[in-house]
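Me: I would like to go through this model with you, one question at a time. Please reason from the structure and finish each reply on the value or name I ask for.

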Amino acid sequence: IPKLPTDNLYKFISLFGLTLIVSYLFLGYNNESELQKETNNLKYEVDLISFEIESANNERKEYIKNIAELCDTEVCDCRIIKKSNYNIQLSFKEKGCDSNGIIDEIIKLQDLIKIDSRKVYSKIDTITAKENLIARKKEIYILQENKIFVFFIVGITMAIIGFLMWYFKVQKYEDLILKKQSEDLKNDIEK
């Protein structure tokens with residue numbers, strides 16, 4: 001609009017109402033697209049971290065398998081007390097026994113399992129924190145949208161009232177004046 005309609009208050013009110021409607025639509029779309037973008041980024045990160053977790057779990061399983069194989073050599077009478085996908089507990093009958101560094105190797109493998117477990121739990125915590133952040137942003141956007149919806153209702157009301165008042169109080173009579181002037185001019189030409 002090159003120039004705002006200052007000749008008529010009703011036109012101004014109706015155009016201001018239309019501006020509020022367009023603003024509501026723009027802000028709603030903008031918030032929604034931003035939230036969708038963040039959600040897609042989180043899904044990508046979740047997939048990436050899930051792959052890393054799966055890889056770490058496979059490494060831990062391999063470490064545990066190696067420990068079990070080392071214990072099966074029956075060196076120092078090593079026995080597996082408790083075994084899971086995430087950890088292994090061992091028992092040795094003889095204290096201080098270390099045949100060819102097998103116990104040191106077992107301890108190194110157990111330490112690697114603990115390190116990998118910490119990494120996995122850290123990544124899971126990261127995912128949870130990001131999911132909570134996005135959920136909070138979604139709540140904020142919904143609250144904002146509810147507040148902005150008032151602009152939409154006010155905009156529609158202003159546009160309808162403004163256009164109706166403009167037509168019935170101003171434009172209708174201007175149209176009649178133009179029609180009368182046109183008929184008068186036509187009559188003058190015919191004479």
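Me: Which helix holds both Lys 180 and Asp 184, about one turn of the helix apart?
Reply: This is a predicted model, and the positions given here should be read in that light. In it the side chains of Lys 180 and Asp 184 meet in a salt bridge, with 3.5 Å from N to O. The two residues are four apart in sequence, about one turn of the helix, and the helix that holds both is α2.

Me: Is Lys 180 buried, partly exposed or exposed?
Reply: Buried residues have under 20% relative accessible area and exposed ones over 50%, with partly exposed in between. Its salt-bridge partner Asp 184, with a relative accessible area of 34%, is partly exposed. Lys 180 has 48% relative accessibility, and therefore it counts as partly exposed.

Me: How many salt bridges does the structure hold?
Reply: One of them joins Glu 139 and Arg 136, whose closest N and O atoms are 3.1 Å apart, and both of these residues lie in helix α2, three residues apart. Glu 139 is partly exposed, with a relative accessible area of 44%, and Arg 136 is likewise partly exposed, with a relative accessible area of 44%. For the structure, the number of salt bridges is four.

Me: How many residues apart in sequence are the parts tied together by Lys 137 and Glu 38?
Reply: Lys 137 forms a salt bridge with Glu 38, and the closest N and O atoms of the pair are 3.0 Å apart. Because Lys 137 lies in helix α2 and Glu 38 in helix α1, the pair ties together parts of the chain whose separation in sequence is 99 residues.

Me: What pattern does the protein follow when read along the sequence?
Reply: The secondary structure comes to two helices and two strands. Helix α1 covers residues 9-71, while helix α2 covers residues 102-190. Read along the sequence, the elements follow the pattern α-β-β-α.

Me: Which helix supplies the largest share of the largest nonpolar core?
Reply: In soluble globular proteins, nonpolar side chains tend to be buried together. Here the largest nonpolar core is made up of five residues, namely Ile 49, Ile 53, Ala 56, Val 120 and Ile 127. Helices α1 and α2 each supply at least two residues of this core, and the largest share, three residues, comes from α1.

Me: Leaving aside neighbours within four places in sequence, which residues is Ile 49 in contact with?
Reply: Ile 49 is a member of the largest nonpolar core, to which Ile 127 also belongs. With neighbours within four places in sequence left aside, the contacts of Ile 49 are Lys 123 and Ile 127.

Me: Is Ser 14 buried or exposed?
Reply: Ser 14 is found in helix α1. Not counting residues up to four places away in sequence, Ser 14 touches Met 158, Ala 159, Gly 162 and Phe 163. Under 20% relative accessible area a residue counts as buried, and because the relative accessibility of Ser 14 is 0%, this residue is buried.

Me: How far apart in space, C-alpha to C-alpha, are Met 165 and Leu 9?
Reply: Met 165 has its place in helix α2 and is partly exposed, with a relative accessible area of 29%. Leaving aside neighbours within four places in sequence, Met 165 is in contact with Tyr 10 and Val 170. Met 165 and Leu 9 are 156 residues apart in sequence, yet their C-alpha to C-alpha distance in space is 9.5 Å.

Me: Which kind of aromatic pair do the rings of Tyr 167 and Phe 168 form?
Reply: A search of the whole structure finds five aromatic pairs. In the pair of Tyr 167 and Phe 168 the ring centres are 5.2 Å apart and the planes stand at 80 degrees. Planes over 60 degrees apart count as edge-to-face, so the pair of Tyr 167 and Phe 168 is edge-to-face.

Me: What accessible area do Ile 160, Leu 164, Tyr 167 and Phe 168 have together?
Reply: Ile 160 lies in helix α2 and, at 46% relative accessibility, counts as partly exposed. Tyr 167 is partly exposed at 39% relative accessible area, as is Phe 168 at 45%. Together with Leu 164 these residues form a nonpolar patch on the surface, and its accessible area is about 400 Å².

Terms used:
Residues are numbered from 1 along each chain as its sequence is written. This is a predicted model: local features need pLDDT of at least 70, side-chain atom pairs count only at pLDDT 80 or more; totals for chains, interfaces and linings use all residues. Side-chain values use heavy atoms; hydrogens and water are left out. Patches are made of residues with over 30% relative accessible area and no salt bridge: like charges are joined within 9 Å, nonpolar side chains (Val, Leu, Ile, Met, Phe, Trp, Tyr) within 5 Å. Accessible areas come from the Shrake-Rupley method with a 1.4 Å probe; for residues, only the protein chains shown count as cover. Buried means under 20% relative accessible area, exposed over 50%, partly exposed in between (1.4 Å probe, protein chains only). A nonpolar core is a set of buried Ala, Val, Leu, Ile, Met, Phe, Trp, Tyr and Cys residues joined through side-chain atoms within 4.5 Å. Contact means heavy atoms within 4.5 Å. Rings of Phe, Tyr and Trp (its six-membered ring) pair if their centres lie within 6.5 Å; planes under 30 degrees apart count as stacked, over 60 as edge-to-face and the rest as tilted.
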